[in-house]
Each structure stands twice: as structure tokens, then as C-alpha cells.
Amino acid sequence: MRKGDAVTDFELPDETGTPRRLSDFLAAGPVVLFFYPLALSPGCTMQSCHFRDLIGDFKAVDAQPVGISPDRPQTQHRFAQRHALGYPLLADTDQAIARQFGVRGWLPLMPVQRTTFVIDTDSTVIDVIRSEILMNVHADRALEVLKKRAENRG
């Protein structure tokens, strides 16, 4: 999945086990879909908490972060509760969506590549952010892209 590609709608359970559709999220505004390898791990915690800390900034541009990993809903729920994340976490346990986006990992400890997709309301990818080591760059860069989008529409 690259900048300019159209994302096919999908449905996955969130941290409560409730089925959620990408199209439903997009109906409310752009989505920052970020893939992370392992809930409760140090790097994924840092990345997810940075999204949490910027939630007001995302709301200001009518966007919302949505995390996605191969963890089960129960693990996602513990992760969300422990860190008061306040946004949806999706469970891609069979990694079908990771394959769809081209971010499936090759190592057991890295089942997905840490990648963020900024998706506009028409399902078009407007940016892709990749970094395995710079955890904060995912939220920071996504926010920059969304602010520019808002200015251009302004």
C-alpha cells in the first residue's frame, strides 16, 4: 500500500471484541491507521502513548488514530486499559490486513512492520510513515500531513 492507493474496506474486532469497519471510522474523518508488532512491548507502548498524548491535536483536524496489531482483543484491551489510550485498537490475529497493506513481518518477534497509513475520507492513502526505531515520528508526521490537508481545504 502506497501513497495514492485506495484502501479496501475491512472489518476487525476492536479491544472489546466489537466488530469495527474502516468505512465507519472514515465516515467521521481521516484515519491514522498505525500497525504495531506487539501490544505491551516497550516500543509499541511508546508509540501508542504518543498517539494518546496528541489525541486533542488529531481531533482538531477531525482525524482519529486507530491502532492495529496481531494481538488478540483481550491483549489489546489490557494494553488500552493499562495506558488509558482512548482510541480503538484492532485485532488482526490472522494478519490478513497486514498482508493487504504489505506490512507483514518476517520474524516471529516482529509479525508486522511498524508502519502508519494516513487515510483520507475517500479511502485514499495520503501518506505512509515507516520507522522501526523512531516511535514518535509516526504520530508527529501523520499530524503534519493532516494539518497541511486542513490548511489546503481551509
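# Exercises on a sheet and its helices

H6 lies across S3, S8 and S9, running at about 160 degrees to S9. The axes behind that angle are lines fitted to C-alpha atoms, for helices over the stretch in contact, and angles run from 0 to 180 degrees between N-to-C directions. Helices (H or I, at least four residues) and strands (E, at least two) are DSSP runs, numbered from the N terminus. The model is predicted: local features need pLDDT of at least 70, side-chain atom pairs count only at pLDDT 80 or more, and totals for chains, interfaces and linings use all residues. Residues are numbered from 1 along each chain as its sequence is written, and side-chain values use heavy atoms, with hydrogens and water left out.

## Exercise 1: the sheet

Task: state the strand order of the open sheet and name its edge strands.

Solution.

Step 1. Strands pair if DSSP finds at least two bridges between them. The open sheet has five strands in the order S5-S4-S3-S8-S9, and the pairing is mixed.

Step 2. Strand S5 (89–91) and S9 each pair on one side only, which is what makes them the edge strands. From one strand to the next, the twist averages 20 degrees.

Step 3. Take the pairs in turn. S3 and strand S4 (residues 64–69) are parallel, with five bridges. S3 and S8 run antiparallel and are also joined by five bridges. S8 and S9 pair in the antiparallel sense over five bridges.

Step 4. S8 and S9 form a hairpin with five residues between them. In its turn, serine 123 has a positive phi of about 75 degrees.

## Exercise 2: bridge partners of S3

Task: find the bridge partners of valine 32 in S4 and in S8, then do the same for phenylalanine 34.

Solution.

Step 1. Valine 32 has proline 65 as its bridge partner in S4 and valine 118 as its bridge partner in S8.

Step 2. Phenylalanine 34 has glycine 67 as its bridge partner in S4 and stands opposite threonine 116 in S8.

Step 3. One pair from the next strand along can be added: phenylalanine 117 stands opposite valine 128 in S9.

## Exercise 3: S3 and S8

Task: decide whether the residues of S3 and S8 are buried or exposed.

Solution.

Step 1. Buried means under 20% relative accessible area, exposed over 50%, and partly exposed in between (1.4 Å probe, protein chains only).

Step 2. In S3, Val31, Leu33 and Phe35 point one way, Val32 and Phe34 point the other way, and all are buried. Five of the five residues of S3 are buried, so S3 is largely enclosed by the rest of the structure.

Step 3. In S8, Thr115, Phe117 and Ile119 point one way, Thr116 and Val118 point the other way, and all are buried. Five of the five residues of S8 are buried, so S8 is likewise largely enclosed by the rest of the structure.

## Exercise 4: the two sides of H6

Task: explain why the buried residues of H6 lie on the same side of the helix.

Solution.

Step 1. Helix H6 (residues 137–153) has 17 residues and spans 24 Å from its first C-alpha to its last, close to the 24 Å expected. The expected span is 1.5 Å times one less than the number of residues.

Step 2. The buried residues of H6 are His138, Ala139, Ala142, Leu143, Val145, Leu146 and Arg149. They cover an arc of only 165 degrees around the axis, which puts them on the same side of H6. The arc is that of the directions from the helix axis to the C-beta atoms.

Step 3. An α-helix has 3.6 residues a turn, so residues three or four places apart point the same way.

Step 4. The face of H6 turned away from the buried side carries the exposed residues Glu151 and Asn152. Elements that the buried residues pack against include strand S3 (31–35), helix H2 (42–53) and strand S8 (115–119), where contact means heavy atoms within 4.5 Å.

## Exercise 5: the cysteines

Task: state how many disulfides the structure holds.

Solution.

Step 1. A disulfide is a pair of cysteine sulfur atoms within 2.5 Å. The structure holds zero disulfides.

Step 2. Cysteine 44 is in no disulfide, and its nearest cysteine sulfur, that of cysteine 49, is 11 Å away.

Step 3. Cysteine 44 is buried, with a relative accessible area of 1%. Cysteine 49 also counts as buried, at 10% relative accessibility.
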